[in-house]
Amino acid sequence: MAEPQPKNLQEGASGDVEDEVQNTAKSAEDRKAAAAMASLDTRGDDAGSSNAVDQEAVSKAMKSLGGGPSAGAAKDVKKVKVDPADVALLVDELDLSKQKATELLKAHDGDAVRAMEAFIAT
Amino acid sequence: MPQPLSSKENSLFRQVIRNYEDKQYKRGLKAAEQILKKNPKHGDTMAMKALIINQQGKTEEAFALGKEALTADMKSHICWHVYGLLYRHQKNFEEAIKAYKFALKLEPESHQIQRDLAFLQIQMRDYQGYIQSRTAMLQARPQLRQNWTALAVAHHLAGNLSQAEKVLTTYEDSLKVPPSKTDYENSEAVMYKNTIIAEMQDYQRALDHLESIAKTNLDRLAVLELRADYLSKLGKKEEAADAYRALLDRNPEHPEYYTKLVEVLGIGADGAAQKAIYDEYAEKNPRCDAAKRLPLDFLVDRELITNLGDDFREAARGYLTLMLDKGVPSTFANLKHLYADQSKRDTLGSLAHEYLESKKASSDGSAPADGDSLNGEPAALYYLAQHYNYHLSRDLAKAMEYVDKGIELLPKNVEFHMTKARIWKHYGNTRKASETMDEARKLDLKDRYINTKAAKYQLRNDENETALKTMGLFTRNDSPGGPLNDLLDMQSVWYLTEDGEAWVRNGNIGLALKRFHAVYNIFDVWQEDQFDFHSFSLRKGQIRAYVDMIRWEDRLREHPFYTRAALGAIAIYVSIYDRSQATNGVNGSEDANGDEAAERKKAAKKAKKEAQKAEREAAERAAKQDPNKSKGAAAEPGKKDDDPLGFKLAATTEPLAEATKFLAPILQFSPKYIDGQIAGFEVFIRREKYLLALRCLNAALALDADHPTVHEQVVRFRQALNSKVESLPPKVAEVLKSKFTIVDDTTDLKKFNASFQEKHKDSPPHVISTVKTERLLGADKTKTEKDLAGVLSLKDASYEHAEEVLAILRQWRSGETDTFKAAAHEKWPEVTAFA
C-alpha cells in the first residue's frame, strides 16, 4: 500500500474480529501484542501456506480460471419491447420496483394483463 | 488531483488515521484540525475528520463534511472510500457500493477498498459482483488459500456448483506437498468440496470422493453421516444399514439414525420388526431414552381390530412406569405429541390412573419418604394434572383436583404451583393465574425459569409494570434505562412481544408499537450480524457452517417470533388508519374521539412525568454507585432514545405504509400462514391495491376456503369491486375479473352470506363472521346485535369466542354490551375479562 488507508468502521457490524482486537490497543506495543494474539489461532496466513504452494502452478491455474466466471454470469435477456405505461401500472398496482416490474413484463412478452395475473397467482 | 503535504503534516495525517483506528477520536480530531489550519482544503484530512465525527454520532455534519472533502479533492480514493463508509454506517448499502466502486477505480491496487466492497456485495447478495471482486482478490494474492475458497463460495452461492468445485480442485492441484493431517482449514475445505459434489446430486462421485478423504478427515462424524446418506441414496441398502448401525453405536439417542435405519432395511410397515430394532439398542444401552420412547410413535393397539394384542399399551406402560418411578419432570412434555391420536391419548390417561392406584395401594397414604422429590405418587398426580390440562384431553375440574392433591403432598413443589397457574390460565382467569405463578416463583427465588414464567403471566394479566419489576430481579440494572434496557440489549424477543400485546390490551398503542418495532429492529440486527462472518469464517476455514448461516439469514424472518410481533403492529396500524378515516368522515363520532384524544393526552403527560422521574432516580442511583461509570454511560453518543414512549410512532401519518413494511416479510417467508394473508388483505384493501388484496385473498382461500374471516373478506372484496370497478384501469379490471371467481358481480351477497351461515350454523366463529357480514350488508342493527349475542347459547361456544363477541359489541357501541357481559360472566364465572 502506497498510502495509509482508513480501515473499516469500528461499530460492531463492520470490520472483522481481528481488527477489533487491534483497534482496542492503546500503544504500538499493545498493538503488536494484539496482532500476535490474533494470529495465534490462524494457521499462518501468508508465510505458511505460500511455502506449500507451487507458485508456477498457481499462476497457471489462475489462467485456466480466467474468463470462466464472467462467461457463466451472462444471462440471456430476452429482447422484448415494454410499454413504459405498463411498467408504471405494475409499479403502482403491485408495489414493485421499476426494475422488477420490467423483468416481470419481459417474462410475459410485455403483456401487462398476463404479467399481473401470473404475479397474483404466486 | 493529489494534494501533497509537507513531511511534518504527512506524519500528522498518519497519526489521524492511527487515532481513528484506535478510537482516540478527540486526539485524532485535534491532529486533523492542525493539518486543516495550514491546508484548509486538504480533502483526505477533511474526509478523515468526517469519519471521526461520524463515529461521535454527528452523522449529518459528517455527511456535509464528507461531501465538501469530495469537492475539494474528487480524485482521491480516500475521500470516496470515506464517503462509502459513511453510507455504510447509515445502512445505505447500495450507495456505499457505488462509492466503493469509484474509490476502487481510482486506486485499483487497494486491498482495503476491495475487501470492503466484496463484503458489502455478499451482504447484499450481489453474487455476480461478489464473484468479480473475489476473482480480483484472488488475482492479487493467489498464494492465500482462503482467497480460493472464497471464490468457490461465491460461485456456490450464485448457484454455479461445477465452477465452485473447479476452483477448489484447481487449488488442490497446485499444491506441491500435501497439507499436513492436522491442517484444519484443509480438512474443512475438502469436506466443503464434498458437500458441493453431493449438492450436484452426483452421489456416486460424492461417495468416491468421500472414501478418498475419509481416513485423514478431522470431522469424523460428518464423514460417517454423509457416507451413510450417500449409500442409502445410491440404494446400497446393506452397506447403508451397516453405516447407520455404526452411527447408532456412537450415539443411540439420535432419532434420525433409527428412522433411516428402518428405512434402508425396508421394514417401515412392519411394527414388530421395527420394535425389534429399537429393543436391540434399548438392551445394549440400558439408560438410553430414545430407544424406549420412539417406538411409542409407531406402535398401535390392534386389539380392537383383531386379537393380536396391544403393543402400544404394553410399551407405553413400561415407559411411563419407568419415568414416573424415576420422577422425570418432562415426562408429559415428552409424550404429549402422541395425544394427537385419540386412542393413544386415552391409553396414556388410563395407564397414569392405573399407576396412581397401584402406588396408593402400596403406600397406605403415608407421605413419601424424601420430602420434595417428584417420583411415585406425586409424579402420577403431576402427570394427570397436565393430562387434564392439555387442550386435547382437557377437563379443568379434574386437572385442578389432581394438582391440589399434589400440592397437599408436596406443598413446596414449584412444578405443582406452576401447573395450577396454567390451569387458571386455561379457565380464562388471568388474575388468579398471575397470582398463582407468582406464588410458585416465591418458592424458589433463584430459579430464573419460574421468574420468567411469573413475568409472562403478569403480562398476560396486563400488569406491565409489575412484570418489568419481576424481570428486573434477573437483569443487569446499572444502566440508566433500567431492566428494560437490558432486556432490549439481550434481545429478549418474547418479553418485548408479550409486553407489546399487553400494552395493546391496556390501550397504550404508543408503547405497544414501540415494542413491536423493537422486535423488528432486532431482526434487522440479526441480519446485520452476519457481516463480521464474511471474513471471519473464511479466515477460520469454517466454510460449511458459513454457507449454512448465509442460507439461514436469507430466510431469517420466517421465524414465528417475527410473524407474531409484525401481526401485532399491523393490527394497530390498521386501526389507526380506520380511526383517522372515521374522524375525517363522520361528524357524530368526533365528540367521542375528542374525549378519547384528551384522555390519551392526559395519560401521556402523566406517563412522561413518571418516566422523567424514573430516569432522574436511575441517574442518581448510578451516580451514587460509581461516579465515573455514570459519566461514561451518559457520554456515550447517539444512544439516547428520543421517543421512549412511542408517541411519535403512534402519531404516524402513514400507518398503512408502516403496516406494509411489517407485512412484506410475512407474505414472502410465511405464505402458508393464513393469518398473515388475512392481515395482508386488510392492509391492501385499505390502500386500494386490489390486485395485491386479491392475491392474499386467493392464497387464503387456497389454504382454507371455509375460514370465517376469509368469507367476510370475500364479501367485502366483492362489494368494493362492485362500487370501484369503473374507476380502475381497464387492464387491472380485466385481471380482477378473471382471477376473482368465487362470487361474480351478479351474486346476491345477502343470499351468499345466508347460505354460508346455514352451512356453519353451529360453529361460533362462523356465526360471528356472518353476523358481522350481515351488518356490513345493511341489516338491521338491533337484530345483528341480538344475533351476535346469541353466540353464547351455541353448544361449542368457548369463553374466547365470547370475548371476541364482547369486543365487537363494544366497537359497535351496542346497548347489548352490558347484558352480554353479565350473561357471559354467569356462564364462565372464572374469566377475568367478564368480571
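Domain bounds here come from an automatic or database domain assignment. With that in mind, let us walk through chain B of this predicted model. The assignment splits off domain 1, covering 7-180, and domain 2, covering 774-835. Taken over C-alpha atoms, the centres of domain 1 of chain B and domain 2 of chain B are separated by 63 Å.

Before going into detail, a word on confidence. The model has an ipTM of 0.76 and a pTM of 0.84. For chain B the mean pLDDT is 89, with 91% of its residues at 70 or more. Residues 586-594 of chain B deserve some care, as their pLDDT is below 50 and the stretch has 5 contacts beyond near neighbours in sequence. Residues 626-638 of chain B also stay under 50 in pLDDT, and the model gives them 7 contacts beyond four places in sequence.

Now to some helix pairs. Your starting point can be helix 4 (residues 59-72) and helix 5 (residues 77-89) of chain B, whose axes lie 9 Å apart at an angle of about 160°. Angles over 145 degrees count as roughly antiparallel, so helix 4 of chain B and helix 5 of chain B fall into that class. Their crossing is left-handed. On the side of helix 4 of chain B, the contact includes Ala62(B), Phe63(B) and Leu70(B), while helix 5 of chain B brings in residues including Trp80(B), Tyr83(B) and Tyr87(B). Sorted by class, this contact has 9 nonpolar, 1 polar and 1 charged residues.

Further along the chain, helix 27 (residues 464-472) and helix 28 (residues 482-489) of chain B offer another geometry: the angle is about 70° and the axes are 9 Å apart. That angle lies within the range of 65 to 115 degrees, which means helix 27 of chain B and helix 28 of chain B are roughly perpendicular. Here Leu468(B), Met471(B) and Gly472(B) of helix 27 meet Pro483(B), Leu484(B) and Leu487(B) of helix 28. The contact holds 5 nonpolar residues, 1 polar residue and no charged ones.

One more pair completes the tour. Helix 39 (residues 690-703) and helix 41 (residues 730-739) of chain B pack at about 15°, with axes 10 Å apart. Helix 39 of chain B and helix 41 of chain B are therefore roughly parallel, and they cross in a left-handed sense. Tyr690(B), Leu691(B), Leu694(B) and Asn698(B) of helix 39 face Val732(B), Val735(B), Leu736(B) and Lys739(B) of helix 41 in this contact. By class, its residues are 6 nonpolar, 1 polar and 1 charged.

Conventions. Residues are numbered from 1 along each chain as its sequence is written. Chains are lettered from A and ligands numbered from 1 in the order in which they are written. This is a predicted model: local features need pLDDT of at least 70, side-chain atom pairs count only at pLDDT 80 or more; totals for chains, interfaces and linings use all residues. Side-chain values use heavy atoms; hydrogens and water are left out. Axes are lines fitted to C-alpha atoms, for helices over the stretch in contact, and angles run from 0 to 180 degrees between N-to-C directions. Helices (H or I, at least four residues) and strands (E, at least two) are DSSP runs, numbered from the N terminus. Angles under 35 degrees count as roughly parallel, over 145 as roughly antiparallel, 65 to 115 as roughly perpendicular and the rest as oblique. A crossing is left-handed if the near helix is turned anticlockwise from the far one by less than a right angle, and right-handed if clockwise. Contact means heavy atoms within 4.5 Å. Ala, Val, Leu, Ile, Met, Phe, Trp, Tyr, Cys and Pro count as nonpolar, Asp, Glu, Lys and Arg as charged, and the others, Gly among them, as polar. pLDDT is the predictor's confidence in each residue, from 0 to 100.
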